[in-house]
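Student: I would like a close look at one part of this model, the sheet to which both chains contribute. Could you take me through its strands and then what surrounds them?

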Amino acid sequence: MLRCALALLVAAPLAFAESKVAWKKTYDEALSEAKSCHKLVVLDFFAEG
Amino acid sequence: MYPDDAFAMWLNQNFIVARLDVTKEATLGKKYGVAWTPWLLVVDENGDTVAQTVGPLSASDYQGWLDSAQMGHAGFQDTLKMLSVTPDNADMNMILGKAYFQAGNWAKAVEHLTVAMKGLGPDRAETCNEVCSLLGRAAVRKGDETAAKVATDCLAKCKGSDAAVTLERTHVKLASGDAAGAQKEYEAFVKDHASDPCAPEAWYWLGVSSYLASHKPEGLMDAWQKLIAAAPDNEWAKRASMTVAK
């Protein structure tokens, strides 16, 4: 849980410029953190351009 | 969808969030049936789908959808346990069938909605319509024509419309890659079912199929502007509005 709390604290610096969402960079990273934090994962598929 | 700081903080506290470019993550896009973007999914830690929808959504609609997915997931195991005690309970099967439908698990949705349909009494016409329509849609997605026939027969008995089942067949055509064929069917649908509750959904996907078939934005803009003008408060019009506004 400490890891999850720290992830929230550093959320803002990691965020994209337009928002303060703590994006995970990859699918595997998101699932791995979901296991540690017992949370569900939101996948937002977009198309560049 | 994300510039709202309060929503971003709520999202960070309650979910893990990943933003994935479907043009670079084609395998994942195929796995999750991404038909258009933004395509939003809630998945569990094993990557199994809990809920899916097409965006964009306003921050409040997005939060409402995520809340619903989270609550549905939390109650899912409890409902399964209760169902093990009373496996033929129509209401429990309806709840599970809806949850599986929302997650895109068509086989499980058909299984539970079929049991729910059999358990509904004749005095529950509105519920009968909802269950049979959803069963028909799930059966079409599954490719189970026997179950689809059962659902449309059930809708006839409930005096319900099978328009949603017809529309689902067109969604399947679009998902198979036949955008031009789907476009023709969406055009026919909005003409033949102009006042049906599913018409806004058909207008939305008419725009999408037009773009996918032609790679030109005119048809999409035309369909979506008609949708927005005809039903501005509809959830599909709101999605279209957010994109058109850009």
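Tutor: Happy to; we will go through the sheet strand by strand and then move out to the chain contact and the domains.

Please keep in mind that this is a predicted model. The sheet is open and has five strands, in the order β1(A)-β1(B)-β2(A)-β2(B)-β3(B), with mixed pairing. At its edges are β1 of chain A and β3 of chain B, each of which pairs on one side only. In general, the strands of a sheet pair through backbone hydrogen bonds, in either the parallel or the antiparallel sense.

Let us start with β2 of chain A, residues 40-46. Six of its seven residues are buried, which leaves this strand mostly covered. On one side β2(A) pairs with β1 of chain B (residues 15-21), in the parallel sense and over seven bridges. Within that pairing, B:Ala18 is the bridge partner of A:Leu43, and A:Asp44 stands opposite B:Arg19. β2(A) also pairs with β2 of chain B (residues 39-43), where the two strands run antiparallel and are joined by five bridges. There A:Phe45 has B:Trp39 as its bridge partner, while the partner of A:Leu43 is B:Leu41. A:Leu43 thus has a bridge partner in β1(B) and another in β2(B).

Now step across to β2(B). Five of its five residues are buried, so the strand is largely enclosed by the rest of the structure. The burial applies to both faces: B:Trp39, B:Leu41 and B:Val43 lie on one side, B:Leu40 and B:Val42 on the other. From here the sheet continues to β3 of chain B, which runs antiparallel to β2(B) and is joined to it by five bridges. One of the pairs is B:Val43 with B:Thr49. β2(B) and β3(B) form a hairpin with five residues between them, and in the turn B:Gly47 has a positive phi of about 85 degrees.

What does the wider contact between the chains look like? It takes 26 residues from chain A and 36 residues from chain B. On the chain A side, β1 (23-24), α3 (27-37) and β2 each supply at least two residues. By class, that side of chain A has 17 nonpolar, one polar and eight charged residues.

The edge strand β3(B) also brings us to the domains. Chain B is divided into domain 1 (1-72), domain 2 (86-160) and domain 3 (178-244). Over C-alpha atoms, the centres of domain 1 and domain 2 of chain B are 26 Å apart. Six residues of domain 1 are in contact with four residues of domain 2 in this chain. Strand β3 of chain B, residues 49-54, gives the most to the domain 1 side, with four residues. That side of domain 1 has two nonpolar, four polar and no charged residues.

Finally, a helix pair in chain B is worth a look. Helix α10 (residues 199-214) and helix α11 (residues 217-230) of chain B pack at an angle of about 170 degrees, with their axes 7 Å apart. The two helices are therefore roughly antiparallel to each other. Among the residues making the contact are B:Trp203, B:Tyr204 and B:Tyr211 of α10(B), and B:Leu220, B:Trp224 and B:Leu227 of α11(B). The residues of this contact divide into eleven nonpolar, four polar and one charged.

Technical notes. Residues numbered from 1 in each chain as written. Chains lettered and ligands numbered in written order. Predicted model: local features only at pLDDT ≥ 70, side-chain atom pairs only at ≥ 80, totals over all residues. Axes fitted to C-alpha atoms, helices over the stretch in contact; angles between N-to-C directions. Parallel < 35°, antiparallel > 145°, perpendicular 65-115°, else oblique. Contact = placed C-beta atoms within 7 Å. Nonpolar A, V, L, I, M, F, W, Y, C, P; charged D, E, K, R; others polar. Buried ≥ 20, exposed ≤ 12 C-beta atoms within 10 Å, placed from the backbone. Pairing = 2+ DSSP bridges. Domains from an automatic or database assignment.
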